[in-house]
Amino acid sequence: MDSAVRVADENSGDGSQSARAARAATTAELSVILPSFNEAANIPILIGLLDEALTGIAWEAIVVDDNSPDGSTEVARTIARSDGRVRVIRRIGRRGLSGACVEGILASSAPFVAVMDADLQHDETLLPKMLAELRAGDADLVVASRKVDGGTVGEGLSRVRAFGSNIANGLAQKLLNVTLQDPMSGFFMVRRDKAEALAPKLSPQGFKILLDLVSSADGALKIKELPFTFRERQHGESKLDTLVTLDYFGLLLAKYFGDIVSVRFLMFGLVGASGLVVHLIALRMFLLGGLEFNMAQTAASFVAMTSNFLLNNQLTYRDRRLTGMGAVVGLLTFYAVCSVGVLANVGVANLIYADPAYWWIAGTAGAIMGAVWNYAASSALTWRKS
């Protein structure tokens with residue numbers, strides 16, 4: 001990384017400003033989209049690495065930052081002030097890797113666009129090879145793959161994440177008939193006109209823009225995969241966590257059913273399914289604690305609603321995430337708008353509940369009754385667009 005730091009430092013000097021200005025005046029053939037969140041330490045290094053790797057190529061970097069609290073936007077803008085090849089998009093009130101990538105692609109006028117992470121885990125030296133494949137006209141999309149011969153996850157993924165990635169790959173290939181060896185890759189290059197044509201079909205949520213792009217194309221893209229080694233993160237922390245699993249399943253289901261329903265609705269449904277499990281566990285505990293069924297069912301409903309609010313706030317509505325007092329008010333609003341659902345929940349469950357042995361049937365029926373209302377009301381009121 002020392003050479004990269006050196007290049008970044010040299011590029012920030014006044015002596016090279018005229019040369020950079022001349023390069024910037026050339027229309028970019030390649031736009032490199034760099035979605036970022038809390039990558040202030042990595043962005044200067046990555047720009048230096050791109051400068052080395054893309055020598056002789058007219059390129060630009062578009063940093064799409066989700067209003068990072070670590071100052072990533074300002075770091076990128078500082079570089080952009082002395083290097084016209086760097087542009088910055090700051091997103092406020094919007095979150096998510098896929099949405100950032102789509103906005104970056106649509107902001108480009110270059111014939112080719114590459115998407116890569118800003119965390120230094122993707123090998124920038126592969127970019128010229130990817131560009132050569134697209135220039136040759138034999139491919140519309142070139143994917144840096146960890147799964148083809150010569151590719152490897154290296155030190156970039158833990159064993160648990162590598163295992164999960166393999167399962168995710170298998171599900172995508174089987175459910176969506178995706179032929180890619182590594183549909184989970186976040187490093188690829190595509191003809192901009194092809195990506196722009198598919199943009200209306202892409203979800204702004206989620207983390208798997210490549211899978212969304214390929215499945216939305218429905219076989220219309222000529223694809224080539226090149227091997228690469230996934231590098232270990234040098235600075236900062238991974239943005240992926242266990243909640244992203246639900247997000248991924250939401251995308252899979254949306255694409256499997258032909259985008260009939262939105263990813264957000266499916267995410268809300270998956271969270272609701274987890275809330276059903278929470279509801280039944282809480283109901284059983286309250287019944288074992290001696291509460292009368294109506295009271296137990298009511299208490300369990302509020303436990304499940306609290307769980308659903310927290311998960312939806314972190315995942316389903318991450319782009320409208322409530323924090324601080326806003327989260328407290330949001331939770332109270334969530335209780336209020338779901339109260340009609342709770343009344344239906346308890347009423348239906350009470351009608352069905354006749355034998356203690358079938359407590360779970362009554363509880364399930366009641367919980368399902370409130371699901372549709374909860375989604376409609378919470379989308380309109382709790383997480384309404386500001």
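Reader: In S7, which residue is the bridge partner of Leu-141?

Author: Happy to help; please keep in mind that this is a predicted model. Strand S5 (residues 141-145) and S7 run parallel and are joined by five bridges. Within S7, the residue that partners Leu-141 is Ile-223.

Reader: Which strands stand at the edges of the sheet, each with a single partner strand?

Author: Let's walk along the sheet. It is an open sheet of seven strands with mixed pairing, in the order S3-S2-S1-S4-S6-S5-S7. Each edge strand has a single partner, so one of its sides has no neighbour in the sheet. The strands at the edges are S3 (86-90) and S7 (223-227).

Reader: Which helix packs on the sheet and touches S1, S4, S5, S6 and S7?

Author: Two helices are worth a look here. Helix H4 (residues 72-82) lies across S1, S2 and S3, at about 155 degrees to S3. The other one has a direction that makes about 25 degrees with that of S6, and with residues 127-136 it is helix H6.

Reader: Is H12 parallel or oblique to H13?

Author: Good one to reason through. H12 and helix H13 (residues 324-337) pack at an angle of about 135 degrees, with axes 10 Å apart. Angles over 145 degrees would count as roughly antiparallel. Because of its angle, H12 is therefore classed against H13 as oblique.

Reader: How many charged residues has the contact of H12 with H13?

Author: On the H12 side, the contact includes Phe-302, Met-305 and Asn-308, and on the H13 side Gly-330, Leu-331 and Tyr-335 are among the residues. By class, this contact has seven nonpolar and three polar residues, and the number of charged ones is no residues, or none.

Technical notes
Residues are numbered from 1 along each chain as its sequence is written. This is a predicted model: local features need pLDDT of at least 70, side-chain atom pairs count only at pLDDT 80 or more; totals for chains, interfaces and linings use all residues. Side-chain values use heavy atoms; hydrogens and water are left out. Axes are lines fitted to C-alpha atoms, for helices over the stretch in contact, and angles run from 0 to 180 degrees between N-to-C directions. Helices (H or I, at least four residues) and strands (E, at least two) are DSSP runs, numbered from the N terminus. Angles under 35 degrees count as roughly parallel, over 145 as roughly antiparallel, 65 to 115 as roughly perpendicular and the rest as oblique. Contact means heavy atoms within 4.5 Å. Ala, Val, Leu, Ile, Met, Phe, Trp, Tyr, Cys and Pro count as nonpolar, Asp, Glu, Lys and Arg as charged, and the others, Gly among them, as polar. Two strands pair if DSSP finds at least two bridges between them.
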